[in-house]
Amino acid sequence: MDFKDILIRRRAINFFDPERNVDDATLREVLEEAAKAPSSFNLQPWKVMVFRNKERKAELRKLAFDQPKVSEAPVVLMILGDRDGWREGNQTFEDFFEHAMTPDKREWFVNTTKGLYGTNEMVGQAFANKNAGLFAMSLMYAASDLGLHTHPMDGFDHDGIRAAFDIPDNYWIPMLIAVGYAKPGLDIHPKGWRQSPDDMILRTY
Ligand SMILES: Cc1cc2nc3c(=O)[nH]c(=O)nc-3n(C[C@H](O)[C@H](O)[C@H](O)COP(=O)(O)O)c2cc1C
């Protein structure tokens, strides 16, 4: 699909066809495509929890302000951003190091990432969310390209979800993404107001 068509086709879909599943192969393809997203040092500080089970989705829906799409979509992805993904000893960090770095660079790398993302809690939080957010965006475009529909959600009880699903402390949950196919006959409204380039340029130097 032409990228311009993907941009237009991707919408936050409220009503999914509960009868139409997203098979594992398709979901894997979406994740593989999404993994091409950029990230700080290519650390890829994100993980995904996949919800397919009806009971677990119902539990998640209760914690997401009872949004029906959480149970109607065949798949809901919980996107996790790793706040400690820059830190030596953390799994994200060590996986990256193993695949993409050589031991002689370790000291430099440990100190550089600590200097950039480890100065206070807010920068660690930003690190997790900017990277996981870019991943999430790529995922939604990849899904759209494959004929799927998605809906990102941050309307949920973060602490409630953390407790109910035993999410380790190092992860923040920037959003849930419902994935599936739009309900047949769904009337998709035209895209809402968008800032024009003039609106969005705060300053030009
Ligand atoms: C991070 C994020 C969180 C969102 N959370 C919710 C949500 O909890 N519930 C909801 O109905 N829509 C949610 N939305 C959808 C937005 O309202 C929607 O993307 C926006 O109105 C633009 O519409 P479009 O995505 O169809 O272009 C969220 C979108 C984003 C990016």
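In which sense, parallel or antiparallel, do strands β2 and β4 pair, and over how many bridges? The model to be examined is a predicted one, and the tour starts at these two strands.

**Stop 1: strands β2 and β4**

Select residues 75-82 for β2 and residues 171-180 for β4. The two strands are paired in the antiparallel sense, over seven bridges. Two facing positions serve as landmarks: I79 stands opposite M175 of β4, and D82 stands opposite Y171 of β4.

Colour β2 by burial next. Eight of its eight residues are buried, so β2 is largely enclosed by the rest of the structure. V75, L77, I79 and G81 point one way from the strand, while V76, M78, L80 and D82 point the other way. The general pattern is that side chains in a regular strand alternate between the two faces of the sheet.

Apply the same colouring to β4. Nine of the ten residues of β4 are buried, so this strand too is largely enclosed by the rest of the structure.

**Stop 2: the other partners, β1 and β3**

Add residues 46-51, which form β1. Strand β1 pairs with β2 in the antiparallel sense over six bridges, and F51 stands opposite V76 of β2.

Then add residues 149-153, strand β3, which pairs with β4 in the antiparallel sense over five bridges. To locate this pairing, select H151, whose bridge partner in β4 is A178.

**Stop 3: the nonpolar core**

Which residues have the most contacts inside the largest nonpolar core? They are V76, I79, L139 and I177, in a core of 42 residues. Elements that each supply at least two residues of this core are α2 (24-34), β1, β2, α5 (91-100), α7 (121-145) and β4. Helix α7 gives the most, with ten residues.

Centre the view on I79. Setting aside its neighbours within four places in sequence, I79 is in contact with W46, V48, A132, A136, I173, P174, M175 and I177.

**Stop 4: helix α2**

Select residues 24-34 and look down the helix axis. L27, V30 and A34 are buried. Seen in this direction, the buried residues of α2 fall within an arc of 60°, so they line one face of the helix. That face packs against β2 and α7 through its buried residues. Rotate to the other side of α2, where D24, A25, R28 and E32 are exposed.

**Stop 5: helix α3 and the residues after it**

Select residues 54-63. In helix α3, K57, L60 and R61 are buried. These residues cover an arc of only 105° around the axis, which puts them on the same side of α3. The cover over the buried residues of α3 includes β1, α4 (69-72) and β2. The face turned away from the buried side carries the exposed residues E55 and A58.

Continue along the chain to F65, which follows α3 and has a positive phi, near 50°. D66 is found in the loop between α3 and α4. Is D66 buried or exposed? D66 is exposed, with 10 other C-beta atoms within 10 Å; the cut-off for an exposed residue is 12 or fewer. Phi of D66 is also positive, near 60°. As background, most residues other than glycine have a negative phi.

With D66 still selected, add G155. The two residues are 89 residues apart along the chain, and their C-alpha atoms are separated by 9.5 Å.

**Stop 6: the ligand**

From G155, move to the ligand. Which residues are around it? They are R11, A12, Q67, P152, M153, D154, G155, M175, K191 and G192. By class, this shell has four nonpolar, three polar and three charged residues. M175, visited at the first stop as the residue opposite I79, is one of the residues around the ligand.

**Stop 7: the loop before β4**

Finally, select D166, which is placed in the loop between α8 (158-164) and β4. With 6 C-beta neighbours inside 10 Å, D166 counts as exposed. Phi of D166 is near 55°, a positive value in a residue other than glycine.

How values were computed. Residues numbered from 1 in each chain as written. Predicted model: local features only at pLDDT ≥ 70, side-chain atom pairs only at ≥ 80, totals over all residues. Buried ≥ 20, exposed ≤ 12 C-beta atoms within 10 Å, placed from the backbone. Helix = DSSP H or I, 4+ residues; strand = E, 2+ residues; numbered from the N terminus. Pairing = 2+ DSSP bridges. Near = placed C-beta within 6 Å. Nonpolar A, V, L, I, M, F, W, Y, C, P; charged D, E, K, R; others polar. Core = buried A, V, L, I, M, F, W, Y, C linked by C-beta atoms within 7 Å. Contact = placed C-beta atoms within 7 Å. Arc of directions from axis to C-beta.
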